[in-house]
Amino acid sequence: MKTYVVEHLDPECGPWSTLEYITIAKESTDAGAAFCLSSAPIDLDIPDSIKAVRGFNIDHRSVEDVYQDRKDRVCLLDPAAKEELKPADAHDFDIFVFGGILGDDPPRDRTSELRKKGFTGRRLGPVQMTTDTAVRVTRIVIQGQTALKEIPYIDYPEIRIDEHESTEMPFRYVEDGDGKPVMPEGMIELIKKDSEKGFGELL
């Protein structure tokens, strides 16, 4: 079984992360994979909406502690890695770790510590992705055996807020087949509701 791990080092779990984690848990379970939040603060207040989702797991230990006996089977999704993720990596790795930086704008290098500790890294391309998109793309490559370049993407989609206003999302998304970006359920409504705020307040 493949496992997707998101390092959650923040003291809070905001509405943006909540929707992403719910989506990752559901999609991972449907794909026969596992999902876990690691390095979560002991006092992290997890919303009930996440706790109720089948397939959601949380571990307060770090990736180094949880997988110390399987370090060679861990792949760190790292924008600074020299190699891109490829379908053949499914034979070499079982655990895929996301440091959270993929959903930050501008990116913060929160994977540097794991990189320095020798975890093998792979890139998902040159454009920033939200965390749920990064997990989705990894799953498509690893479990769907599809090359990165063959996945349909939408970069920097424009979200219509109302009749007169729109906002450009600073991320890459997977295209849903109808020319629209795949986003967590409720995300567009959240973006519209908080359009006057900076994205940092939503994360």
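Here is a short conversation about the sheet, the rings and the cores of this predicted model.

Student: What should I keep in mind about the numbers?
Tutor: Residues are numbered from 1 along each chain as its sequence is written, and side-chain values use heavy atoms, without hydrogens or water. In this predicted model local features need pLDDT of at least 70 and side-chain atom pairs count only at pLDDT 80 or more, while totals for chains, interfaces and linings use all residues.

Student: Which strands are the edge strands of the open sheet?
Tutor: Strands are DSSP runs (E, at least two residues), as helices are (H or I, at least four), numbered from the N terminus. Two strands pair if DSSP finds at least two bridges between them, and here 6 strands line up in parallel as β3-β2-β1-β5-β4-β6. The strands that pair on one side only are β3 (56-58) and β6 (120-122).

Student: How many bridges join β1 to β5?
Tutor: Strand β1 covers residues 3-7 and strand β5 residues 95-98, and they run parallel. T3 stands opposite I95 in β5. The number of bridges joining β1 to β5 is 4.

Student: Why does the pair of Y21 and F35 tie together separate parts of the sequence?
Tutor: Rings of Phe, Tyr and Trp (its six-membered ring) pair if their centres lie within 6.5 Å; planes under 30 degrees apart are stacked, over 60 edge-to-face and the rest tilted. Y21 and F35 form a tilted pair, 6.2 Å centre to centre with 45° between the planes. Y21 lies in helix α1 (residues 15-30) and F35 in strand β2 (residues 34-38), so the pair joins parts that are 14 residues apart in sequence.

Student: Are Y21 and F35 buried or exposed?
Tutor: Buried means under 20% relative accessible area, exposed over 50% and partly exposed in between (1.4 Å probe, protein chains only). By that cut-off, both Y21 and F35 are buried.

Student: Which element gives the most residues to the largest nonpolar core?
Tutor: A nonpolar core is a set of buried Ala, Val, Leu, Ile, Met, Phe, Trp, Tyr and Cys residues joined through side-chain atoms within 4.5 Å. The largest has 33 residues, and V6, Y21 and F35 are among those touching the most other members. Elements giving it two or more residues include β1, α1 and α5 (131-142). The one that gives the most, with 5 residues, is α5.

Student: Which ring does the charged end of R172 sit over?
Tutor: A charge sits over a ring if NZ of Lys or CZ of Arg is within 6 Å of the ring centre and within 35 degrees of the ring normal. For R172 the distance to the ring centre is 4.4 Å, and the ring belongs to Y153.
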